[in-house]
Amino acid sequence: MTQLFKAIAIMIIVLAPTSWAAAQSDAPAQAEKTWSLVLHGGAGTISRDRITQEKDAEIRAKLTEALDAGSAVLKSGGSATDAIVATIMVLEDDPNFNAGKGAVFTWEGTNSLDSSIMDGATRNAGAAAGTSTTKNPILLARAVMENSRHVLLSGEGADQFSREQGLEQVDNSYFATPSRREALERFKLRQNAISALGGDQLAQDQLGRDWRFGTVGAVAVDNEGNIAAGTSTGGLTGKQWGRIGDSPIIGAGTYADNRSCGVSATGAGEYFIRVGVAHEICTRLRIAYETRPDFSETTTQDIADSVIAEMGDLGGSGGIIYATPWGQIGYSFDTPGMYRGMASSKGDKSVAIYGDEE
């Protein structure tokens, strides 16, 4: 009996490596890691008859540059948060967009900037409203998220926190451009004329033909499947009384949740706040994913479109970008155009401006 046990033991020792190797060869290959990125640069009355060919090419080039900056982070294994910061900073530094350099003017003739960011893995978030001297507001939002116990800072307090964090500071005049100042002057002329007649110019500017929301934003999913979203804006031309829109409001203009999606918005901020657009889309998507047997990628687009439509029924207008943990990225907007772009590890990359583009 002892000899039998010895023989069995020898067979196990001899055959074990072969058996282990066979088991390994039968094991499924590790799932390929994937990433995705989607961005926007604002929505509104953006049509071919309003943009020169030179400006069209200029904007597409900048959207592509922003996509490349975020994609480079994701390709190298960087986090979704790092990717959206890299993406948004490119747009903040370009005067074609209403964020950072090129932000619109308040009624008083200053530039007041808002920003936010959210990590879908932890649902940590940071935001800043009414800031005036931080060169790249998205960096301030991230600092609030990572280095403070708060979610939203505003005004001089946010500026002070920014200085204490060592973020690059500029004079408020850095953000100004001649075209934005001219837009303020036109706005004031219309406002004064219509006010004299008892009209409401703010409502007409939001709903009329000649308006554009240049807010910028990005949503990314990294190789680990984590989602992040961020938004940055100069707000509305001629805004008064310390007005704050949806961009720095978590759940309205920005939201990220690994269980469903990330969203960044652009448009008539008051309406996005009232509907809680970003959170509403993510919540409906999570519930549908968990409960609907017929759930598909089409469901994601349907949900996004339905929330934008509900916001439109209240009188608002604008658009959103979204990304899901299962790799779907897309847009939904009810305006003639929206500056937008997307890229992924599948090799897909595109930018678009007008509503009739895919």
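So, secondary structure to start with: the chain comes to 10 helices and 13 strands. What you have on screen is a predicted model, and buried residues make up 52% of the 358 residues in the chain. There's also a good deal of long-range contact to talk about. If you take contacts between residues at least 6 apart in sequence, 69% of them join residues at least 24 apart.

Now, how confident is the predictor? The chain averages a pLDDT of 88, and 87% of the residues score at least 70. Two stretches need a warning, though. Over residues 1-30, pLDDT stays under 50, and the model has 0 contacts there beyond four places in sequence. Residues 201-210 also stay under 50, but for that stretch the model has 22 contacts beyond four places in sequence. Where pLDDT is low, the predicted coordinates shouldn't be read in detail, so please don't zoom in on those two bits.

Okay, let's go to a hairpin. Strand E8 covers residues 254-257, and strand E9 covers residues 261-267. The two pair in the antiparallel sense over 4 bridges, and they form a hairpin with 3 residues between them. If you want one pair to find by eye, Thr 254 stands opposite Ser 264 in E9. And which way do the E8 residues point? Thr 254 and Ala 256 go one way from the strand, Tyr 255 and Asp 257 go the other way, and all of them are buried.

Just before E8 there's a loop, running from strand E7 (227-233), and Trp 241 sits in that loop. Trp 241 has a positive phi of about 60 degrees, although it is not a glycine. Is Trp 241 buried or exposed? It counts as exposed, because its relative accessibility is 78% and the cut-off is over 50%.

Arg 123 is another residue with a positive phi, near 55 degrees, and again it's a residue other than glycine. You'll find Arg 123 in the loop between strand E2 (113-119) and strand E3 (124-131). Arg 123 has a relative accessibility of 42%, so it counts as partly exposed.

For a buried residue, have a look at Thr 81, in helix H3, residues 80-92. Its relative accessible area is 8%, which is why we call Thr 81 buried, the limit being under 20%. And what does Thr 81 touch? Leaving out residues up to four places away in sequence, the partners are Ile 117, Asp 119, Arg 142, Met 145 and Ala 228.

Last topic, empty space. Rolling a probe the size of a water molecule over the atoms shows where it's left. The structure holds 1 cavity of 30 Å³ or more, and about 70 Å³ of space lies in the largest cavity. There are 11 residues lining that cavity, and Thr 215, Thr 233, Gly 235, Arg 243 and Gly 267 lie nearest its centre. By type, the cavity lining divides into 2 nonpolar, 7 polar and 2 charged.

Then there are the pockets, and I'll just show you the second largest, with a volume of about 330 Å³. It's lined by 21 residues, and if you want to locate the centre, go to Thr 34, Trp 35, Ser 36, Gly 327 and Lys 346, which lie nearest. The lining of this pocket divides into 7 nonpolar, 8 polar and 6 charged residues.

How values were computed. Residues numbered from 1 in each chain as written. Predicted model: local features only at pLDDT ≥ 70, side-chain atom pairs only at ≥ 80, totals over all residues. Heavy atoms only, no water. pLDDT = per-residue confidence, 0-100. Contact = heavy atoms within 4.5 Å. 1 Å grid on protein atoms, 1.4 Å probe; cavity = no way out; pocket = protein on both sides within 12 Å on 5 of 7 lines; lining within 4 Å. Points joined across faces, edges and corners; volume = space filled by probe spheres on them. Nonpolar A, V, L, I, M, F, W, Y, C, P; charged D, E, K, R; others polar. Buried < 20%, exposed > 50% of the residue type's maximum accessible area, 1.4 Å probe, protein only. Pairing = 2+ DSSP bridges.
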